[in-house]
Amino acid sequence: MKAALPTLDFSARSGVDGGDCGSLLKDLVQSVLKYAILSHRWLRDGEPTFQDMTKGEILSSQGFHKLQKFCEKAKAHGCLLAWSDTCCIDKTSSTELDEAIRSMFRWYRNSHVCVVYLAQSSKIGDLQKEEWFERGWTLQELLAPRSLKFYGQNWTPLGADALSNDKEDEKLLRAVCTVTHIPIDDLRDFVPGMTMVREKMIWASKRRTTRAEDIAYSLIGIFDVNLSVAYGEGDWAFHRLMEVIIHSSDEWGIFAWAGP
């Protein structure tokens, strides 16, 4: 026979309203099970997959080395858990892939720290040429996390302090603002949803994705919309995204942006 789990009564023990218990439990779980999440540009080949990790083999690829270095940084930031999109999603499962894409913004938002690996940069002055700032998916990975840490070549921190939050580093934020043309306030405290639609579209218009559908899918969390994932639909995905935005936004400048 299974014993019943004990009930936690926050309202009786701490004077907290029952409605706040969920928030208290969430904060407690996040403090104990905090995780680091990786943002990076994928290599053409050599990135470890979900299937590679389930085999438990040590790989000699450059992608596996990157994963190891990320885990080291996660531990340095006090995280026992680490998540990377290359190997934590079973991409052979369409159901899992659909859920992951639609949950991605929230996963980056709830992370303890987002570790950003900039393979082409060794100093802040290199950011202008860094391809990470040109990719579609990395826009939400820049905006969603509350804590961000940039690492350059050889995993050297680009910010002033090795473990500090780079969203509080004024010099680094100014450099990112120059590259992306995203205001510093939005870099620090981005708000997803149907506000500033024109500005968000301008930010996204400067970026590109490998697959046509990802142009739309990478913006699901930024606009906080519910959009089904159907790889193979091509440019129609962006048509569907715009349809949802038009129905939900009353901003007159919704089409006043230009870009590829």
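Let me start with arginine 188, which at 27% relative accessibility counts as partly exposed, and which in this predicted model forms a salt bridge with glutamate 170, the closest N and O atoms being 2.6 Å apart. That pair links distant parts of the chain, since glutamate 170 sits in helix H7 whereas arginine 188 sits in helix H8, residues 184-188, with the two positions 18 residues apart in sequence. Glutamate 170, for its part, is also in the partly exposed class, with a relative accessible area of 36%.

Staying with charged pairs for a moment, the count of salt bridges comes to eleven, and I would like to go through a few of them. The general idea is familiar to everyone here: side chains of opposite charge can pair when their charged atoms come close.

One that contrasts in setting with the pair I opened on is the bridge between glutamate 72 and lysine 69, where the N to O distance is 3.3 Å. Both of these residues belong to helix H4, residues 62-76, and they are three residues apart, about one turn of the helix. Glutamate 72 has a relative accessible area of 44% and is therefore partly exposed, and lysine 69, with 21%, is partly exposed as well. For lysine 69 the cut-off matters, because buried means under 20% relative accessible area.

Next, which residue does lysine 149 meet in a salt bridge? The partner is aspartate 166, with 3.0 Å from N to O. Lysine 149 lies in strand S4, residues 148-151, and aspartate 166 lies in the loop between S4 and helix H7, residues 170-180, so this pair ties together parts that are 17 residues apart in sequence. Are these two side chains on display or hidden, that is, is lysine 149 buried or exposed? Lysine 149 is buried, and aspartate 166 is buried too.

To finish with the charges, there is a network of salt bridges that links Arg41, Glu131, Glu134 and Arg208. If you look at this network alongside the domain assignment of the chain, which gives domain 1 as 1-190 and domain 2 as 191-259, you can place each of its members for yourselves on the structure above. The centres of domain 1 and domain 2, taken over C-alpha atoms, are separated by 22 Å, and the contact between them takes 25 residues from domain 1 and 23 residues from domain 2.

Now to the loop between S4 and H7, which I have already mentioned for aspartate 166, and which deserves a second look for its backbone. Most residues other than glycine have a negative phi. Asparagine 154, which is found in this loop, has a phi near 60°, a positive value in a residue other than glycine. Tryptophan 155 is likewise placed in the loop between S4 and H7, and its phi is also positive, at about 60°, although it is not a glycine. As for their surroundings, asparagine 154 counts as exposed at 70% relative accessibility, whereas tryptophan 155 is buried, with a relative accessible area of 6%.

Another tryptophan worth pointing out is tryptophan 107, which lies in helix H5, residues 94-109, and is partly exposed, with a relative accessible area of 24%. Which residues does tryptophan 107 touch, leaving aside those up to four places away in sequence? They are Tyr35, Ile37, Trp83 and Ala100. For a sense of distance across the model, the C-alpha atoms of tryptophan 107 and aspartate 169, which are 62 residues apart along the chain, are separated by 23 Å.

Turning to the annotation, the UniProt record, an unreviewed entry, carries "domain: Heterokaryon incompatibility" over residues 35-123. In the model, that span is 42% helix and 15% strand, and its end C-alpha atoms lie 26 Å apart.

Lastly, the surface. Leu25, Leu28, Val29, Val32, Leu33, Leu80 and Leu81 form a nonpolar patch there, and together they have about 680 Å² of accessible area. Where does the largest share of this nonpolar patch come from? Helix H2, residues 21-32, supplies that share, with four residues. Valine 32, one of the patch members, is found in helix H2, and at 57% relative accessibility valine 32 counts as exposed.

Methods:
Residues numbered from 1 in each chain as written. Predicted model: local features only at pLDDT ≥ 70, side-chain atom pairs only at ≥ 80, totals over all residues. Heavy atoms only, no water. Patch = residues over 30% accessible without salt bridge, like charges linked within 9 Å, V, L, I, M, F, W, Y side chains within 5 Å. Areas by Shrake-Rupley, 256 points an atom, 1.4 Å probe, with all protein chains shown as cover. Salt bridge = Lys/Arg side-chain N within 4 Å of Asp/Glu carboxyl O. Buried < 20%, exposed > 50% of the residue type's maximum accessible area, 1.4 Å probe, protein only. UniProt positions renumbered as here; feature names shortened; annotations may be inferred. Domains from an automatic or database assignment. Contact = heavy atoms within 4.5 Å.
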